[in-house]
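Please take the sequence and the model together, and follow the account below from the chain as a whole down to a pair of helices and a single residue.

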Amino acid sequence: MAMPPRAGRRLRAGPVGYAVLALFTAGSLFPLVWTAVAASRDNARLARTPPPLWFGDRLLENLGTAWSDANMGLALFNTTLVAGTVALGTVLFCTIAGFAFAKLRFRLKNVLLSLTVGTMMVPPQLSVVPLFMVVAGLGWTDRLQTVVLPTLVSAFGVFFMRQYLVEALPTELIEAARTDGASSWRVLWHIVFPVARPAMAVLGMLSFVQAWNDFFWPVIALTQENPTVQVALTGLGRGYVPDQAVVMAGALLGTLPLLLAFALFGRQIVGGIMRGAVKG
């Protein structure tokens with residue numbers, strides 16, 4: 001009879017575990033590698049069968065064409081500004097709302113929480129026409145605040161932070177701070193934010209990636225003169241015969257900043273997730 005592992009002992013994966021991990025890693029990396037391979041070829045080679053399986057010699061040329069034709073410099077700047085603002089706003093407002101729903105007492109709390117969660121069931125396409133009418137009435141068409149303000153708070157973020165704070169934040173800690181004369185904002189700043197830091201990191205990462213990859217609303221509200229990355233990529237696909245290699249090069253340019261951000265901050269993000277999991 002096999003003895004159970006001792007507490008604190010590091011578990012080791014066998015050959016099957018490594019094989020499964022390698023399989024999932026290869027499947028996850030394949031779209032990115034294929035994008036780079038396609039971006040290094042020409043349109044004629046991509047149209048032939050079988051497709052190319054290794055890199056060509058036109059990667060830098062196609063990247064330069066995509067950079068100039070899609071106004072990618074401005075698009076990357078706009079997308080970084082939009083995604084960063086949306087991530088910060090979502091983390092801040094959703095943490096405050098999640099704390100209110102988790103620990104504060106006020107009338108109709110459960111009703112308001114149900115309505116907030118219920119908005120997740122409404123397809124976003126239903127709000128496009130009235131939202132565009134409001135934006136046009138304010139004169140905000142083709143401006144970045146058009147894609148920032150509607151996404152500063154998300155129902156998922158509010159629910160996510162509420163569920164985390166219900167378990168991670170002791171009510172006794174808040175009551176002790178109240179006894180010492182701390183106001184709600186001081187409790188929020190000195191107690192709630194430090195406790196919620198792991199969940200805030202996860203929510204910030206998810207919000208940043210979602211805002212970076214958002215296509216549906218930006219392509220309606222913005223133009224090629226003031227684009228985000230996803231809007232700029234639509235300009236590369238136009239024409240009677242779109243150059244798929246240049247389109248792939250543009251997609252690669254739009255993906256590299258996300259990979260760089262995760263390479264720089266991935267350890268802190270994963271560490272925050274693990275601390276939150278252990279604490280919960």
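Of the contacts in the chain between residues at least 6 apart in sequence, 71% join residues that are at least 24 apart. The model in which these contacts were computed is a predicted one, and its chain has 14 helices and zero strands, so that the pattern read along the sequence is α-α-α-α-α-α-α-α-α-α-α-α-α-α. Buried residues make up 34% of the 280 residues in the chain, while the area that the chain exposes comes to about 17700 Å², with carbon and sulfur atoms supplying 67% of it.

Two packed helices are described by the angle between their axes and by the distance between those axes. For helix H9 (residues 171-179) and helix H10 (residues 184-195), the axes come within 10 Å and cross at roughly 130 degrees, which means that H9 is oblique to H10. The crossing in which H9 passes H10 is right-handed, and the contact is made on the H9 side by Leu173, Ile174, Ala177 and Arg178, and on the H10 side by Ser184, Val187 and Ile191. Sorted by character, the residues of this contact of H9 with H10 comprise five nonpolar, one polar and one charged.

A single position in another helix can be followed in the same manner. Threonine 35 lies in helix H1, which spans residues 15-39, and because its relative accessible area is 15%, under the 20% cut-off, threonine 35 counts as buried. Once its neighbours within four places in sequence are left aside, threonine 35 is in contact with Met248, Ala251 and Leu252.

Key. Residues are numbered from 1 along each chain as its sequence is written. This is a predicted model: local features need pLDDT of at least 70, side-chain atom pairs count only at pLDDT 80 or more; totals for chains, interfaces and linings use all residues. Side-chain values use heavy atoms; hydrogens and water are left out. Axes are lines fitted to C-alpha atoms, for helices over the stretch in contact, and angles run from 0 to 180 degrees between N-to-C directions. Helices (H or I, at least four residues) and strands (E, at least two) are DSSP runs, numbered from the N terminus. Angles under 35 degrees count as roughly parallel, over 145 as roughly antiparallel, 65 to 115 as roughly perpendicular and the rest as oblique. A crossing is left-handed if the near helix is turned anticlockwise from the far one by less than a right angle, and right-handed if clockwise. Contact means heavy atoms within 4.5 Å. Ala, Val, Leu, Ile, Met, Phe, Trp, Tyr, Cys and Pro count as nonpolar, Asp, Glu, Lys and Arg as charged, and the others, Gly among them, as polar. Buried means under 20% relative accessible area, exposed over 50%, partly exposed in between (1.4 Å probe, protein chains only). Accessible areas come from the Shrake-Rupley method with a 1.4 Å probe; for residues, only the protein chains shown count as cover.
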